[in-house]
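Student: Could you take me through one part of this model closely, the charged pairs that its side chains form, and then set that part in the context of the whole chain? I would like a connected account rather than a list.

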Amino acid sequence: MADTSDTRTPAQIEADIRRRREVLAETLDEIGVRVHPKTIMGDAKAKVVANVDHTLGRAYVGVNRAVSDVRARFVDEEGAPRMERIVPVALVVVGVVGLLALGGRRRKS
């Protein structure tokens, strides 16, 4: 059987009740702040910003890797351009731009 006798004085009991009320009041204030719509929106915005930053960081790494790969294909180890690779690509680009320009002129007529 548990001992239910309380050896505290009424003043001690009142002090304990007062402390408990203060703790509960702080807890309720904290809950009120957490469930406030502005707090919820702020937390949601922070999560979105963190996800966007993470996505942009991954995109930057991917683009940087692609640029390095392209650079490695068109520039040799010494930094000189590889003309045997640049000339054919330039001819293809000029041909595509020329075809697009001619196609655009025919539609307008």
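Tutor: In this predicted model, Glu 30 forms a salt bridge with Arg 34, and the closest N and O atoms of the pair are 2.5 Å apart. The two residues lie 4 residues apart in helix 1, so about one helical turn separates them. Glu 30 counts as partly exposed because its relative accessibility is 41%, while Arg 34, with a relative accessible area of 57%, is exposed.

Helix 1, which covers residues 10-34, also holds Ile 31, a residue that counts as partly exposed at 44% relative accessibility. Together with Leu 28, Val 35 and Ile 40, Ile 31 makes a nonpolar surface patch of about 390 Å². As for confidence, helix 1 has the highest mean pLDDT in the chain, at 94, and helix 3 (residues 83-108) has the lowest, at 87. Over the chain the average pLDDT is 89, and 93% of the residues score at least 70. Where pLDDT is low, the predicted coordinates should not be read in detail.

The pair in helix 1 belongs to a wider set, for a search of the whole structure finds 5 salt bridges. One of them joins Arg 73 to Asp 69, with the closest N and O atoms 3.4 Å apart. These two residues are 4 residues apart in helix 2 (residues 37-74), so Arg 73 and Asp 69 are separated by about one helical turn. Arg 73 is partly exposed at 47% relative accessibility, and Asp 69 is partly exposed too, with a relative accessible area of 40%.

A further salt bridge brings together the side chains of Glu 77 and Arg 82, at 3.6 Å from N to O. Here the surroundings of the partners deserve attention: Glu 77 counts as exposed at 75% relative accessibility, whereas Arg 82 is buried, with a relative accessible area of 17%, because the cut-off for buried is under 20%. Arg 82 is found in the loop between helix 2 and helix 3. Leaving aside residues up to four places away in sequence, Arg 82 touches Ala 72, Arg 73, Phe 74, Val 75, Asp 76 and Glu 77. That list includes Arg 73, which itself forms the salt bridge with Asp 69, and Glu 77, the salt-bridge partner of Arg 82. Elsewhere, Arg 8, Asp 16 and Arg 19 are linked in a network of salt bridges.

To set these pairs in the context of the whole chain, one can begin with its elements, which are 3 helices and 0 strands and which run α-α-α from the N terminus on. The radius of gyration is 36 Å, well over the 13 Å that the globule rule gives for 109 residues, so the chain is more spread out than a compact globule. The C-alpha atoms fill a box of roughly 100 × 50 × 30 Å along the principal axes. Buried residues make up 2% of the 109 residues, and Arg 82, at 17% relative accessible area, is one that counts as buried. The accessible surface of the chain comes to about 10,200 Å², and 63% of that surface belongs to carbon and sulfur atoms.

Key: Residues numbered from 1 in each chain as written. Predicted model: local features only at pLDDT ≥ 70, side-chain atom pairs only at ≥ 80, totals over all residues. Heavy atoms only, no water. Patch = residues over 30% accessible without salt bridge, like charges linked within 9 Å, V, L, I, M, F, W, Y side chains within 5 Å. Areas by Shrake-Rupley, 256 points an atom, 1.4 Å probe, with all protein chains shown as cover. Salt bridge = Lys/Arg side-chain N within 4 Å of Asp/Glu carboxyl O. Buried < 20%, exposed > 50% of the residue type's maximum accessible area, 1.4 Å probe, protein only. pLDDT = per-residue confidence, 0-100. Contact = heavy atoms within 4.5 Å. Rg over C-alpha atoms; globule rule 2.2 N^0.38 Å.
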